[in-house]
Amino acid sequence: MLASINWLKQYVDINVTPEELAEKLTRVGLEVESVNYLGAGLEGVVTGKVTQIERHPNSDHLWICQMDYGSGEIVQILTGAQNVSQNDIVPVAVVGSQLPSGMKLKKAKMRGLDSFGMLCSAEELGIDAKLLLPEQRSGIFILPQATPVGVDIKQILGLDDVVLDIDLTANRGDCTNILGLAREAAAVLGTQLKLPDMSVAEDAGGNAADMASIDVQAADLCSRFAVRVLKNIKIGQSPDWMQKHLRACGMRPISNVVDVTNYVMLELGQPMHAYDYDKVGGHTLIVRRAKAGEKLVTLDSQERTLDPSMITIADPDHAVGLGGVMGGLETEVTDATVNVMLEAATFNGPSIRRTSKALGLRSEASGRFERGVDTVLTHNALNRAAHLLEQMGACETVSGIVEAYPIEVKPAVVKVDPAAINTRIGVEIATVEMIDILQKLQFGVKQEGECLVVTAPSWRYDVTCDADISEEIARMHSYDKIESHMPSLPLVQGRQDVIEDVRDWVEDYLASIGLSEVMTYSFIHPNSFDKLELSADDSRRIGIEVMNPISDEFKVMRTTMVPSILNTVSYNLAHQIDSVKIFEVGRTYLPKALPLTDFPVEKRVLCAAMSGKRNPLNWTEAKENVDFYDMKGVVEGLLADLQVTDYQLVLATQPYLHPGKSCAIQYQGQLIGYFGEVHPTVAANFELSSDTYVLELAIEPLVADAVKVPKYKHLPKFPGTSRDIAVVVPLEVSMSELEGVIRTNAGELLTDVKVFDVYTGKQVAAGCKSMAFNLTFQAGDRTLTDTEIDAVIKNVVDKVGAEYQAKLRD
């Protein structure tokens, strides 16, 4: 936001330097990025009149000008500009003058004749060409005939002004105008705010309601729309003072009507637009959504293709403007315009931003609507614009305003506790000072007991709660007065949740042993439950259907991760990948009931799969496929890495697993996972071309006992010893059952048990199998004797024999 100091001074007394004002505004949250002196480096240039002009006798392009610049004498200046005529008023840089480029004027000789200065162009005066009319951009800058002679050019062109470049935050749309900044300046300087004159004569006769009508069909995109009718428009240039203010704030003067709408926008913050009354069909303005593919030629002569998300201002026949962004060329005010419909409205900010971005069309108006415009300001803006045009003698105003304002905007009312505000800010501010600060900012304040009831002004739509009131008080009290101190809250180490640590450990371990991590959708196909052969009463069939699925393939939130991982395996096998080893740690979503009345239960789950070759193709490696024991090794290695020991592998299965090649993981008496070979029927359903092994394991139950820091124990001082035993037991006896009996009866001397052989054959009776175990014994305080070990072995064999009718095999 560019703010002219000279313009600000019309509404507030500024008794400090521009730099001091910039500092004060910055300290209350309006960051001033720079203080720019418009006439910096321009000294001694004055207005002068060409009293006589003639050709240079020795040049076909030079002119000899006799100049009156108010000093009482006529000086000779030579120029090569071709747009200068006798009696023109122009900027004159005499000998000793300085230009913004750093050049100092000296006496010069041109083709034998002396020149005692220079006639200046706008560029030489340091004026940005984009702020000028096309005819002012080249040649000498020709000034109006009424311009006095001998006056400092900075005063004539407004270059004696200072402009503040202010970087506003997104919530301070109320300061995208001079009056809003003046309001803040008055508060920080402790001076009175002076409001501009908004009186309107309304002497054109008639009533606006009889001459124009409006129809707001998109009330969700336009909360207020108002129109004034102006008659007998006289198009011309706006006054010099208005042009100066517009240029200082970065806008190019065009004509009085257009300049007034821009001036009011910069002054009050309300964007406006003027329509040629006689070119608007039925003298009716309709606020509606654009039709798909509708065309509009905007004021920049570009044809725009619109869509229904855009706000269009239209007459009964077609679009005449793009609401909040830019008007249409067809109804533009021109020199032939006689009557004008002057519009001020409030549009939906997000809609304006989307439209502006979609069309690549940004304007001063769209930028303000995006931040938010004071809805209550509409009448003030129309009255101010009409007042200015009346003062210029450029129009007659019809009585009344035509508007649509279906829902009146109510100011925010916030009840605050001064003690709570002080606690939040961290400083003691007296209640009377809080009231004074808020009243300076034009907030309404009433005291009710210990509390304050604060009514925000209409332009402060960003103030909605007690925290916002605290901010207003803190910034005006001065942040510099708030001492720094350590927070009173207890400090805790910032870290992620333990379950996230466990997830990271799981992912790191599986990646380290050669599995690749995948990421799949949290949605699955509805037929996935059938492909898994889940029973009709299986709770996992109760999936949450997505209302707006990304496709028909992903309509249900997954209750198990197995379908996602098997589909990934199938895809890779189909693309000739001969070894697939993948895993994913994700979530499953189990509803408590359908339809949903509460959030579903989200479980963190590990799902892994292995299929195809065990090792990459290599002449030193066997060409075997993975089997059940590869997946078993993954499970045991993972749990060992997490240092989880209180688990068992037990006989249990799932519908999607082979009943003879699968088992469950039991942890603290609870089944937390399953792994094994995919059932042949399920494998066919998922088109798996190779035996596939899958694991699904709940992560949450492992969190309590998972330990990242390894546990160590001292190396034993005394040697251990091992013994092998082979027992013959019925086929239905499992290895884990036998191992359990051995561990229970071997006592504290037993440190490890391993199965190293399982045999069925001629040497073993029918219906039986031989299982060979290696038992390791060790004591921490002595070397064990054969007698001690023999006694333990005998006890173990006796117990196994009694429990399972087992016989010791020779």
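**Salt bridges and burial, with reasons**

Biologist: Why does Asp466 count as partly exposed?

Modeller: Asp466 has 31% relative accessibility. Buried means under 20% and exposed means over 50%, so at 31% Asp466 lands in between and is partly exposed. Bear in mind that this is a predicted model.

Biologist: What makes Arg424 and Asp466 a salt bridge?

Modeller: Their side chains meet at 3.4 Å, N to O. The limit is 4 Å between a side-chain nitrogen of Lys or Arg and a carboxyl oxygen of Asp or Glu, so the pair qualifies. Arg424 lies in helix 11 and Asp466 in helix 13, so the bridge ties together parts that are 42 residues apart in sequence.

Biologist: And how do you know whether Arg424 is buried, partly exposed or exposed?

Modeller: Its relative accessibility is 43%. That sits between the 20% and 50% cut-offs, so Arg424 is partly exposed.

Biologist: What makes Lys154 and Glu43 a salt bridge?

Modeller: The closest N and O atoms are 3.5 Å apart, which is within 4 Å, so the pair counts. The bridge links distant parts of the chain: Lys154 is in helix 3, Glu43 in strand 3, and they are 111 residues apart.

Biologist: Why do you call Lys154 buried?

Modeller: Lys154 comes out at 15% relative accessibility, and buried means under 20%, so the word fits. Its partner Glu43, at 43%, counts as partly exposed.

Biologist: Which labels do Asp300 and Arg304 get, and why?

Modeller: Asp300 has a relative accessible area of 30%, so it is partly exposed. Arg304 has 12%, which is under 20%, so it is buried. Their side chains meet in a salt bridge at 2.4 Å, N to O. The structure holds 47 salt bridges, and one network links Arg172, Asp174, Glu184, Arg460, Asp462, Glu472 and Arg475.

Biologist: What makes Lys446 exposed?

Modeller: Lys446 has 52% relative accessibility. Exposed means over 50%, so Lys446 makes the cut. Lys446 is found in strand 24, and it touches Cys451, Leu452 and Val453, leaving aside residues up to four places away in sequence.

Biologist: How do you know the chain as a whole is not a compact globule?

Modeller: A compact globule of 810 residues would have a radius of gyration near 28 Å, but this chain has 44 Å. The C-alpha trace spans about 135 × 75 × 65 Å along its principal axes. Of the 810 residues, 48% count as buried.

Definitions and conventions:
Residues are numbered from 1 along each chain as its sequence is written. This is a predicted model: local features need pLDDT of at least 70, side-chain atom pairs count only at pLDDT 80 or more; totals for chains, interfaces and linings use all residues. Side-chain values use heavy atoms; hydrogens and water are left out. The radius of gyration is taken over C-alpha atoms; the globule rule is 2.2 Å times the number of residues to the power 0.38. Buried means under 20% relative accessible area, exposed over 50%, partly exposed in between (1.4 Å probe, protein chains only). Helices (H or I, at least four residues) and strands (E, at least two) are DSSP runs, numbered from the N terminus. Contact means heavy atoms within 4.5 Å.
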